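Hi,

Here is the structure I promised to pass on. Have a look at it first, and my notes follow below.

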Amino acid sequence: PLIAFVDYEGSTKNSKTYVHSILKGMGVDMTMDQVFGKKDKDGKWITPPRVRYRSETILERFYDWLSEILRELPDKRFVEGKWWLIFDEKNKKHKAKVGDFIDAGMTRKYGNGLWVEAPDDKIQGLIVVDSYTAMQPEAKDSEAISNALSVKALAFSKQLERVKGRMVAKMVTVYGLNHLRDNPMAMYGPKQTEKGGKALQQFSDIRLRQTSRSLSAAPFSPKAGKDFNEQEASVEFPGSYDKYRYIAVKTNKNKLGGIPDQTKFMRIWIEDGSGTARGLCPVFDTIQFLKDTGQLSGTRKKFMLNLHGLGKAKKPVDWDLIKQWVLGDRDKMTKISASLGYKPMSLRKFCFKLVQDNVAFDLATVIKNSKIKGNDEDEDD
């Protein structure tokens, strides 16, 4: 899919190494050049980028750009047990591009458009906006300062109505970041407000609220180091330490079939043994995923594994062993897998496979709805 970062002052673009570390931790097995592209001395792409950047500060211009992308992409629909791309039959460029792949039978049966079988059910585009707060409407400069908030809210309302319907038809996702502001004069209701008005809330299918939390609130009983961040021995840099902090994420709204009103934690790897920031921690992410899907129980000193389709491990494991399994090289992963009675495998890739096969959500739902309480406590004895 098309992946684009839209940011205000190029802060995301200037943090390519950090962004690449986050993508790598989430299972993207690509080099820096493959992700961000590489140009020759004349400025032409040698390796086309998978992630593109656009620096935009004017709200209307962003939505003009998004609208243009949506017009160029085909619709994507699930019909007769298959996913289809439906191209505009009036667009000569589309017709020339897909002419040899058109399913004439579907076109005759369902009319309008050039029907081509899609290779998968995935989204066609992911656009990350950093952030809504930074984008300002063109009209704001000419308005009185007392009216500035209403001008911005009205601009978002009009522009979202313009693109929302086509985003659904094209299967394009916009992941936008917004900011909370304290409202000290509020006597009743929320004490914090979001910039951009109510339209951003109403048009969003999923809303996640992220809040920094202390170690005492985080699961699995993390221990603080000298600087009050969590500290663990490094697997990749022996003799040094990794440092982490925690973010609580609550689903305030979920219209896409997920479990609403969930609060989960992310562990941010703020510094590895070499002093490099790594983004989302794949170790914590893996352990939390296994627990939420009923494949891991116990405490960090003594976890019991019962992996879906593979059965129970031969012996208990602790946090450090899982960390080596997730971050170690192929030989380390092979040795740990064998010691637990499993075939050689990457535990991280095993978890991603459950998500891709649509198994993970069903496992998590069963666990949530179960009334049986096992010995699965966060606190160590």
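To get you started: which side chain meets that of R207 in a salt bridge? The partner is E194, with 2.6 Å from N to O. Before you read on, keep in mind that this is a predicted model. The R207–E194 pair links distant parts of the chain, since R207 sits in strand β12 (residues 206–213) and E194 in strand β11 (residues 192–194), 13 residues apart. R207 has a relative accessible area of 17%, so it is buried, while E194, at 25%, counts as partly exposed.

That pair belongs to a longer list: a search of the whole structure turns up 23 salt bridges. Here are some others worth a click.

K170 and D75 meet through their side chains at 3.0 Å, N to O. K170 is in helix α6 (residues 148–170) and D75 in strand β5 (residues 75–79), so this salt bridge ties together parts that are 95 residues apart in sequence. K170 counts as buried because its relative accessibility is 9%, and D75 as partly exposed because its value is 26%.

K255 and D205 form a salt bridge too, at 3.9 Å from N to O. Both residues are in loops: K255 in the one between β14 and β15, D205 in the one between α7 (199–203) and β12, with 50 residues separating them along the chain. K255 is exposed at 54% relative accessible area, and D205 is partly exposed at 25%. There is also a network in which salt bridges share partners, joining E230, E232, D242, R267, R300 and K323.

Now the surface. Y175, I206, L208 and L256 make up a nonpolar patch there, and together they have about 370 Å² of accessible area. L256 is in the loop between β14 (241–254) and β15 (263–271). With a relative accessible area of 58%, L256 is exposed.

Two helices caught my eye. Helix α8 (residues 282–292) has nine of its eleven residues buried, so it is largely enclosed by the rest of the structure. Those buried residues are P282, V283, F284, T286, I287, Q288, F289, L290 and K291. Just past the end of α8, G294 takes a positive phi of about 75°.

The other is helix α3 (residues 59–72). Its 14 residues should span 20 Å at 1.5 Å a residue, and the C-alpha atoms at its ends are 21 Å apart, which agrees. Its buried residues are L59, E60, F62, Y63, W65, L66, S67, I69 and L70. When you look at how they are spaced, remember that an α-helix has 3.6 residues a turn, so residues three or four places apart point the same way.

Then there is the second largest pocket, with a volume of about 970 Å³. It is lined by 29 residues, and K24, V326, M333, S346 and K349 lie nearest its centre. At least two lining residues come from each of α1 (16–25), α9 (319–327), α10 and α11. Which helix gives the most to this lining? That is α11, with six residues.

One last stop is K343, in the loop between α10 (330–339) and α11 (347–356). K343 is exposed, given its relative accessible area of 56%. Its C-alpha atom is separated by 43 Å from that of W115, and the two residues are 228 apart along the chain.

Over to you, and happy browsing!

Technical notes. Residues are numbered from 1 along each chain as its sequence is written. This is a predicted model: local features need pLDDT of at least 70, side-chain atom pairs count only at pLDDT 80 or more; totals for chains, interfaces and linings use all residues. Side-chain values use heavy atoms; hydrogens and water are left out. Patches are made of residues with over 30% relative accessible area and no salt bridge: like charges are joined within 9 Å, nonpolar side chains (Val, Leu, Ile, Met, Phe, Trp, Tyr) within 5 Å. Accessible areas come from the Shrake-Rupley method with a 1.4 Å probe; for residues, only the protein chains shown count as cover. A salt bridge is a side-chain nitrogen of Lys or Arg within 4 Å of a carboxyl oxygen of Asp or Glu. Helices (H or I, at least four residues) and strands (E, at least two) are DSSP runs, numbered from the N terminus. Buried means under 20% relative accessible area, exposed over 50%, partly exposed in between (1.4 Å probe, protein chains only). The expected span of a helix is 1.5 Å times one less than its number of residues. On a 1 Å grid over the protein atoms alone, a cavity is a set of points where a 1.4 Å probe fits but cannot get out, and a pocket is an open set with protein on both sides within 12 Å along at least five of seven lines; lining residues have an atom within 4 Å of a point. Grid points are joined across faces, edges and corners, and a volume is the space filled by probe spheres set on the points.
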